[in-house]
Amino acid sequence: MADIEQGSSAALPTEGTPLQDANDTDTLNGTAAKFVATAEGTALAYGSLVLMALLPIFFGALRSVSSSKSKVGAENGYENSSDMPETITSRDAARFPIIASCTLFGLYLFFKIFSQEYINLLLSMYFFVLGILALSHTMSPFMNRVFPANLPNKQYQLLFTQGTGESKEEIVNYEFDTKDLICLGISSVVGVWYVLKKHWVANNLFGLAFALNGVELLHLNNVSTGCILLGGLFVYDVFWVFGTNVMVTVAKSFEAPIKLVFPQDLLERGLDASNFAMLGLGDVVIPGIFIALLLRFDVSLKKNSRTYFYTSFFAYIFGLGFTIFIMHTFKHAQPALLYLVPACIGFPVVVALVKGELTEMFRYEESSPELEAEKTESDKDK
């Protein structure tokens, strides 16, 4: 599924994988024999995948609204630059499919040339660190609500500087408190569990955290950019799934929490189940950031309605459900963006046409703090 690559702390690695079931893929932990799932097991697996895809989109979109209320981190309630949303421009969107293709094909060559065991060991360490940070950030609002008021919440600061005197420059300035340390500790336990066992529950906890952070912190600057991004990755997804065996090969070889999985033999084997249906995080994050943009557009209209958000959210459910139906009918891995992109773009556009707000939708614009600063400096120079 669609992959997103962004050179910033806000970007989340979501290497894609086509939607697959246990009958046409290896398992997360090894190679499975041909497995015929029961109707109940299949329904449970597919239903769980849909639910797991919807949760980070819904809550990530809501959190994206609060993170975009101000262009400045301090006003935004964020004290650390790593928590600031990253704005995706049309130029970034046009580059994404090319960068994603190069990354995907590079991984394919690596798995063909080098030992899969050592590559996955390095990836496990990399995603161990990223997963802990992502899960900690995801848990933070919940911890703020449940943290006992009578316990001291001490403040800490991690500061690295370079140079002395007037030439001193901040490299890292990260502020945190006791609640953040508790979140980090809990996330570390999940991280160790994942590295040692590669258990599908730990995989999903990290995957959900990655997806929610992606939807919350990756902001499209306007609807046109969203159409460029989704359209480009639509072609990317179809080509690499139907045109080659590259994506499926990488998906089978890649042991990292970049896909949501759910066992179809859970009812028979419990938590030790090993025959998985899977959904790539790209098929959650890419439509998710577009849906989050439409929610922020709803808020900008100040009409106390969430028409475009609910329309696109329903469109996502429809598209993902249709993907599962096609895959189950033809017994072949499907590029979910083939069905999600037309639905997530088409449904809101039709609603906007009916309401006479299409021009207003495409004129809606969000700017990053960096772009605002550059514009201010440019105005001063003039």
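1. In this predicted model, Tyr 316 is in contact, once its neighbours within four places in sequence are set aside, with Ala 53, Leu 54, Ile 57, Asp 283, Val 284, Pro 287, Ile 291, Leu 340 and Cys 344. Tyr 316 is also listed, together with Val 250, Phe 254 and Val 284, among the residues with the most contacts inside the largest nonpolar core, which has 89 residues. Helix α9, residues 282-301, gives the largest share of this core, namely 12 residues.

2. Helix α9 also holds Arg 296, whose side chain meets that of Glu 366 in a salt bridge with an N to O distance of 2.5 Å. Glu 366 sits in the loop between α12 and α13, 70 residues away from Arg 296, and the pair thus links distant parts of the chain. Both Arg 296 and Glu 366 are buried.

3. A further salt bridge joins the side chains of Lys 303 and Glu 357, again at 2.5 Å from N to O. Because Lys 303 lies in the loop between α9 and α10, and Glu 357 in the loop between α11 and α12, the pair ties together parts that are 54 residues apart in sequence. Lys 303 is partly exposed at 47% relative accessibility, whereas Glu 357 is buried at 6%. Lys 355 joins Lys 303 and Glu 357 in a network of salt bridges.

4. The second largest pocket encloses about 360 Å³ of space, and of its 15 lining residues the closest to the centre are Phe 59, Arg 63, Thr 138, Met 139 and Leu 212. The largest share of the lining, 6 residues, comes from α3, and by class the lining has 12 nonpolar, 1 polar and 2 charged residues.

Definitions and conventions:
Residues numbered from 1 in each chain as written. Predicted model: local features only at pLDDT ≥ 70, side-chain atom pairs only at ≥ 80, totals over all residues. Heavy atoms only, no water. Core = buried A, V, L, I, M, F, W, Y, C linked by side-chain atoms within 4.5 Å. Buried < 20%, exposed > 50% of the residue type's maximum accessible area, 1.4 Å probe, protein only. Helix = DSSP H or I, 4+ residues; strand = E, 2+ residues; numbered from the N terminus. Contact = heavy atoms within 4.5 Å. 1 Å grid on protein atoms, 1.4 Å probe; cavity = no way out; pocket = protein on both sides within 12 Å on 5 of 7 lines; lining within 4 Å. Points joined across faces, edges and corners; volume = space filled by probe spheres on them. Nonpolar A, V, L, I, M, F, W, Y, C, P; charged D, E, K, R; others polar. Salt bridge = Lys/Arg side-chain N within 4 Å of Asp/Glu carboxyl O.
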